[in-house]
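Subject: Handover of a structure and notes on what was found in it

Dear colleague,

Please find below the structure that I am handing over to you. My notes follow it, arranged by topic.

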Amino acid sequence: MPLVSLIIPVKNEGSHLCRTVQSALQVKTECPLEIIIVDDGSTDHCCDFLETSEYGSQIKLVRSSGGLGVAMARNCGAEQATGEYLIFCDAHLFFEDQWIDRLLEPIRIGKADAANPGIGDAANPGNAGYGYHWTEKLEPRWNSRQSSQFLSSHLAGGCFAISRNVFFDVGGFDRGFRVWGREDEEMSLKLWLFGYKCMLVPNVTILHVFRSDNPPFTLTWEDVDYNFLRMAYSHFKEERIAKCKKLIKYSDPEKIEAFVLKNGVLEQRRNYFARRHYDDDWYMKEFGVLF
């Protein structure tokens, strides 16, 4: 069985990370496993248990001084990974036996290039979502469960499996994104436009701790809106970019646009447009997005 790399970005996760690591190592799988933890400048000592435990070489801890953000922390972990398959996980998950084996099955047989399990609420396990779709205002909404594997316009980044070759072929998660927001949507969109397929595997469910309070890191609307408009400039035609600007309500869209244009997005746009298999019109029509 191929080596699998579990990649977990971390920022002030408290005791959640320890429980996630324990769950990942306790459940059954036929796949050899390594865990890459990227600590993006945590100040709550949530990773310290790794330095005093006896996990050995199966777990690699990568520390940064902070400021990477979720997208770049995932990229950093992928660069340290040696597995044939990469699974990006949040640091507050609980797993079930054979989840890795079943989640990777459609990728290993060439049916898909990236995959999601069902993601349930740890506080209410019967409440689960199965990937995302966009509304007419490009707001993400969970898909309902289907009886068998199905293609989805978006995969959730909280537990996201992909082959190593495909991940690096598309350049990984956007390298210009800020703290958090839209990174899984941009990745899913990019995969589809580049000719790859995203699939839901509903016979696998992991449990996710959904926080009721603020995230344990500093996040502003400017950060989220910046990522949104950078995604638009990277993949959308001009008319859709203008519509995206009008959706920005809690920060100054002109200011956001100036920041986006300053940070190399037009060169990325040219590169993406030159190599993609489908355009954004195809994508919106294919997945019934009226935008």
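How many salt bridges does a search of the whole structure find? The search finds 20 of them. Please keep in mind throughout that this is a predicted model.

**Salt bridges**

Side chains of opposite charge can pair when their charged atoms come close. One such pair is Asp223 and Arg178, whose closest N and O atoms are 3.6 Å apart. Asp223 belongs to helix α7, while Arg178 sits in the loop between α5 and α6, so this salt bridge ties together parts that are 45 residues apart in sequence. Asp223 has a relative accessibility of 11% and therefore counts as buried, the limit being under 20%. Arg178, with a relative accessible area of 23%, is partly exposed.

A second pair is formed by Arg240 and Asp280, with an N to O distance of 2.8 Å. This pair also links distant parts of the chain, as Arg240 is in helix α8 (residues 238-247) and Asp280 is in helix α11, 40 residues apart. Both of these residues, Arg240 and Asp280, are buried.

A third salt bridge joins the side chains of Glu254 and Lys245 at 3.1 Å, N to O. Here Glu254 counts as partly exposed, at 48% relative accessibility, whereas Lys245 is buried, with a relative accessible area of 17%. Elsewhere, salt bridges that share partners join Lys237, Arg240, Arg276, Asp280 and Asp281 into one network.

**Two pockets**

Rolling a probe the size of a water molecule over the atoms shows where empty space is left. The largest pocket has a volume of about 1,600 Å³. Its lining consists of 50 residues, and those nearest the centre are Trp180, Gly181, Arg182, Glu183 and Leu219. Several elements each supply at least two residues of this lining: β1 (4-10), α3 (69-80), β9 (140-142), α6 and α7 (221-235). Sorted by class, the lining has 24 nonpolar, ten polar and 16 charged residues.

The second largest pocket holds about 220 Å³ of space. It is lined by 16 residues, with Leu151, Ser152, Trp192, Glu286 and Phe287 lying nearest its centre. At least two lining residues come from each of β8 (132-134), β10 (150-151) and α11 (280-286). By class, the lining of the second largest pocket has eight nonpolar, six polar and two charged residues.

**Two buried residues and their surroundings**

Is Lys190 buried or exposed? Its relative accessibility is 1%, so Lys190 counts as buried. This lysine is found in helix α6 (residues 183-193). What does its side chain reach at 2.6 Å? The partner is the backbone oxygen of Gly172. The side chain of Lys190 also makes a polar contact with the side chain of Tyr272, at 3.4 Å. Leaving aside residues up to four places away in sequence, Lys190 touches Val170, Gly171, Gly172, Phe173, Asp174, His235 and Tyr272.

Ala114 is in strand β6 (residues 114-121). At 0% relative accessibility, this alanine counts as buried. The C-alpha atoms of Ala114 and Ser163 are separated by 6.9 Å, although the two residues are 49 residues apart along the chain. When residues up to four places away in sequence are not counted, the contacts of Ala114 include Ile107, Leu155, Phe160, Leu191 and Met199.

**Two residues with a positive phi**

Most residues other than glycine have a negative phi, and most peptide bonds are trans. His45 is not a glycine, yet it has a positive phi of about 65 degrees. His45 lies in the loop between β2 (33-40) and α2 (49-52). With a relative accessibility of 58%, His45 counts as exposed.

Arg182 also has a positive phi, near 75 degrees, and is a residue other than glycine. Its place is in the loop between α5 (164-169) and α6. At 17% relative accessibility, Arg182 counts as buried. You have met Arg182 above, among the residues that lie nearest the centre of the largest pocket.

With kind regards

Notes
Residues numbered from 1 in each chain as written. Predicted model: local features only at pLDDT ≥ 70, side-chain atom pairs only at ≥ 80, totals over all residues. Heavy atoms only, no water. Helix = DSSP H or I, 4+ residues; strand = E, 2+ residues; numbered from the N terminus. Buried < 20%, exposed > 50% of the residue type's maximum accessible area, 1.4 Å probe, protein only. Polar contact = N/O pair within 3.5 Å; in protein donor to acceptor, adjacent residues only side chain to side chain. Contact = heavy atoms within 4.5 Å. 1 Å grid on protein atoms, 1.4 Å probe; cavity = no way out; pocket = protein on both sides within 12 Å on 5 of 7 lines; lining within 4 Å. Points joined across faces, edges and corners; volume = space filled by probe spheres on them. Nonpolar A, V, L, I, M, F, W, Y, C, P; charged D, E, K, R; others polar. Salt bridge = Lys/Arg side-chain N within 4 Å of Asp/Glu carboxyl O.
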